[in-house]
Structures are given as structure tokens and as C-alpha cells.
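Me: I have a structure open and would like to talk through some of its side-chain contacts with you. Could you take my questions one at a time?

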Amino acid sequence: MSDVLFIQPPYLQVPLDPLANQTLDLLSSYAEKIGMFGLTRNDLTPPTAMLSIAQMVIDAGYRAAIADMYLEEIYKEDPWAFLRRELKKRDPMIVGVANAENCIIEATVSVSKAVKEYNKEILVVSGGINATALDTRLLQKYGSIDVVVRGEGEKSFSELTEAFMKEKPFNGVQGITFRQGGNIIRNPDRPFMKPEEIPLPARNIYPIKRLYAAGGDADMIFASRGCPFKCSFCNTPPIWQGCWTGRPVENVIEEIKIMKEYGATKFHLWDQNFGGNQKWASQICDRILEEGLDMTWETEIRIDSLNNDFVEKITKSGCNVAFVGIESNNQTILDSVNKKYNASIQEKALRTAKEHSLFLEGGYVVGLPEDNKESIEATTKLALKYFKEDLAVPLYFLFVPFPGTEIGDNPEKFRIKIEDVGPENYHFISPKPLASTKNLTAQEVFDLWRTGQEKILTETKNKLAEAG
């Protein structure tokens, strides 16, 4: 039995655009051929954010377990039969369901309903980026969700557990939104944790060997939290509010050692901006080398952080690939979404990475508010140019007006129209048009994006043939 059961919902039911999906599948094959680790998808990782919350619950004296329905999907097991078995086995008092992305709301709600069918007295809690952005709306619409934890979850979830188990009111728990009688109560935000307070994820309660077997011995770590930038299309500023904090270097190294002890040979360092504090990041790289950890890893870096010294530092310590948000080469478009970098640096930065054998995933966003036919075609041309020159493998995304983002919450300000297509379609390779620009209808944006996908698909086939 467990006091708390954390649940990772299933993901594979999310509808995908078939052309974009085919492109990503072939890009993954190409990445494998050239030895490029971690091309955005098909790499399984443990839900370390949820495991960090679980550890704080355990530290407070409660029993915690986790059920990863997505992992069961990967093994082609029935995730819902698995959930029913886990509920019966664990018989929890509290269930925490991840709700990180808009496109899995329906899965999150289905899980919460299944939990209530098992035992309506279980307290169902949801959290994550999307839940934070939609806290009151989720509780208004879905009676099967009792509480939303906003922002960082560790302290809020732990205190909520304590209150529920001791039958105390929730009013004193910062960072939660909950239903009380016929009202929805939104408690004050919780201040961010100090870096040294962040617990190491409870990997010991997760089927880590089963995940490694399916995902190529890859693990995942967050060495820092937040980002000081506030790009208008990004869905993380509502959580981090422009704040950034790096974990203590030795704490990060300790977690990497733990991953290696479990059998990981590579890891995703999925900070939002690993190069934001290069002195701190360089110290981590130095310690990886000093400890002889000898693992391959990938990360996410702003393009304006790709200077010679830093790229050399990360590659020497095992970094094989970095995702960089290029978005567009039109300065007006970049400025309109508060990207805060100069497009003129793009090629030099990408060539610096190539000189040090650092593979890059180049992220492009089609359909930003200022986009028109010419700018979208220019973005496509740019993505193809950098791909042909082996500067960046293109991840060619459709703009998504996520709830909680500056654009998603203020479409009139940006003079766009958001289509009502259902939350399951709110992702970067949506099968449906999502939003207009100032100059194009949503359908026109979608058609131009798919035309660009066709060109990238053709070039990917060419690249695969060249790779042998």
C-alpha cells in the first residue's frame, strides 16, 4: 500500500500530422545513423520532476509509489489495465497526475476519472506547466480533479499531503488551487525553493531498468530551473516568471553518478537554457571530467550562447547534441515574440558548434503572429540550407498558442485568431490548423507549414541515402 500514487498518463493517443510524423521518424533514423543522440523524441526518460516531488513526500514520512502508463504503452501493454492493477495494489489516499502539456489534458482527466471510479474518496491532484496555466478552468470543468498544484510542486504537494492525511484545512498551503464546497479557492503563490532544497528524484521507486531497456539506457536530469527570458510563445514563463536558479554543482554531479550506478550510459540535461550561466555550467562540465563519468549527454542552449570556449567545454565533457531555438531569420518576427537575439549571429554560432563536432537540433516555428507567406517560405529555405550544410537538423514546428503564454492569452493584442480544435491538437505537429497570423488564415499557415514539411522530408530522405 501507498499513501500517495503518482501517475504518468499515456501519451501515444495524441493525434499527429502524418506528414510531420513521418519526417520526425526519418529524422530519428538519420540521427541514429550519424551518431546523434537524443533527437527530440523516441528517447524514453524517467519522469524526474514527479520523482523529485515523490522524494519530498517520502522525506515527510509518507509512502509513495509511481505508475508510468506511458512506459506500459511503449511495451505495448494496456495502460488502463495497468492503472487498475496499480490502484488495487497501492490503494492510495492521494493520487498525483501529471499534466505537463495541453495535448494530454484528456488523458489526465481520463486517469482522474478512473481513480474516482476506483474510490471516490481519493484526493486527486494535478500539476505541471499546463495545469498551472489552467488551474481554475480545470477545476471548473472537471469534477474528478480536486486540487491543482501550481509551479514548483515539491513543497506544495508535500504540505498538501500532510494536511489531507491529518484532516487539516488546505487554506494554509501555498501554491495550490482547490475546490471547497461550491467555490474554487486559489491560495497565494509559493516562493521558489532555494537550490539546495531541491531533492534528488526518487529513482528507487521507479522501474528504471525497464525504462533503460526500452529507451537505450538514457536518463534525464534538470541541473537548473527556469529561464530569465520571456519569449511570448513559450509556455514556461507562467511557472518560472523570468527566474532562473542553478542547483549546486556537487548536487548535480551526485545525481549523474546515481544515474550511472543504475546503468545509464547517456542522459538528457533538459534545462531550458544550460548556457545561461556559463561559469556555473562550465564547473559542471569540469567535474564530469574530473570524476571520469564518461557519459554522452544532450541539452538545450540559446543560440547566442554558442561561443567557442563554451562549446569546446561542453563537448569535451560528453555533450553530443544541443537543441537551439532558431525560430526564424526575420528580425522583426524575432523581436515581435521577445526572442531577444540578433538573427545576424545565426550562421557563425552554428558553424562554431560544427567545428567542435556538436550536433545541433534547430527549432523553427512557423505561423508566429507577424509571419506572412514570404517569411514562412524564407524560414523553410533557411531550415533546408542549414540542414544541407550539416549545421542543424531541422525540427520544423507549427506555432501553438498555448494557454498561459503571452500570445495564447492575448490573441487580440497580437491580432491573431485561435481555432477551437480541442486541446489534444495543441502540439507542434498538430494535424489541424491552430491559429492565424496577422497576414494569413490558420488554414493558409497550416498549408504552408505542410508544404515546408514535404521539402524537409525530401531532404531527410536524401540525407539518409548519403549516410548509407
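**Helix 13 and selected contacts**

Reply: A starting point is helix 13, where the face turned away from the buried side carries the exposed residues Asp309 and Lys316. Please keep in mind that this is a predicted model.

Me: OK, and which residues of helix 13 are buried?

Reply: Within helix 13, which spans residues 308-316, the buried residues are Phe310, Val311, Ile314 and Thr315. They cover an arc of only 125° around the axis, which puts them on the same side of helix 13.

Me: Why would residues that are not adjacent in sequence point the same way?

Reply: An α-helix has 3.6 residues a turn, so residues three or four places apart point the same way.

Me: What do the buried residues of helix 13 pack against?

Reply: They pack against two helices, helix 12 (278-290) and helix 15 (346-355), and against two strands, strand 12 (296-300) and strand 13 (319-327). As for what comes after helix 13, it is followed by glycine 318, whose phi is positive, near 115°.

Me: Switching to charges, how many salt bridges are there in the whole structure?

Reply: A search of the whole structure finds 33 salt bridges. One of them pairs lysine 116 with aspartate 146, with the closest N and O atoms 2.7 Å apart. Lysine 116 lies in helix 5 (residues 105-118), while aspartate 146 is in the loop between helix 7 (135-141) and strand 5 (147-149), so the pair ties together parts that are 30 residues apart in sequence.

Me: Are lysine 116 and aspartate 146 buried or exposed?

Reply: Lysine 116 is buried, and aspartate 146 is buried as well. Another salt bridge joins glutamate 255 and arginine 203, whose closest N and O atoms are 3.0 Å apart. Here glutamate 255 belongs to helix 11 (residues 249-262) and arginine 203 to the loop between strand 7 (183-186) and helix 9 (208-215), so this pair ties together parts that are 52 residues apart in sequence. Both glutamate 255 and arginine 203 are buried.

Me: What about glutamate 406, which residue does it form a salt bridge with?

Reply: Glutamate 406 forms a salt bridge with lysine 413, and the closest N and O atoms are 2.7 Å apart. Glutamate 406 counts as partly exposed, at 31% relative accessibility, and lysine 413 is exposed, with a relative accessible area of 57%.

Me: And which residues are linked in a network of salt bridges?

Reply: The residues linked in such a network are Glu250, Lys257, Arg287, Glu290 and Glu291.

Me: New topic: where is threonine 177 found?

Reply: Threonine 177 is found in strand 6 (residues 176-180), and it is buried, with a relative accessible area of 0%. A polar contact of 2.7 Å joins its side chain to that of aspartate 135. Leaving out residues up to four places away in sequence, threonine 177 touches residues including Asp146, Val148 and Ile185.

Me: Last one, where is asparagine 187 placed?

Reply: Asparagine 187 sits in the loop between strand 7 and helix 9, and it is buried, with a relative accessible area of 5%. The side chain of asparagine 187 reaches the backbone oxygen of asparagine 171 at 3.3 Å. Apart from residues up to four places away in sequence, asparagine 187 touches several others, among them Arg150, Phe170 and Phe178. By contrast, its C-alpha atom is separated by 44 Å from that of phenylalanine 359, 172 residues apart along the chain.

How values were computed
Residues are numbered from 1 along each chain as its sequence is written. This is a predicted model: local features need pLDDT of at least 70, side-chain atom pairs count only at pLDDT 80 or more; totals for chains, interfaces and linings use all residues. Side-chain values use heavy atoms; hydrogens and water are left out. A salt bridge is a side-chain nitrogen of Lys or Arg within 4 Å of a carboxyl oxygen of Asp or Glu. Helices (H or I, at least four residues) and strands (E, at least two) are DSSP runs, numbered from the N terminus. Buried means under 20% relative accessible area, exposed over 50%, partly exposed in between (1.4 Å probe, protein chains only). The arc is that of the directions from the helix axis to the C-beta atoms. Contact means heavy atoms within 4.5 Å. A polar contact is a pair of N or O atoms within 3.5 Å; within protein, one must be able to donate a hydrogen and the other to accept it, and residues adjacent in sequence count only if both atoms are side-chain atoms.
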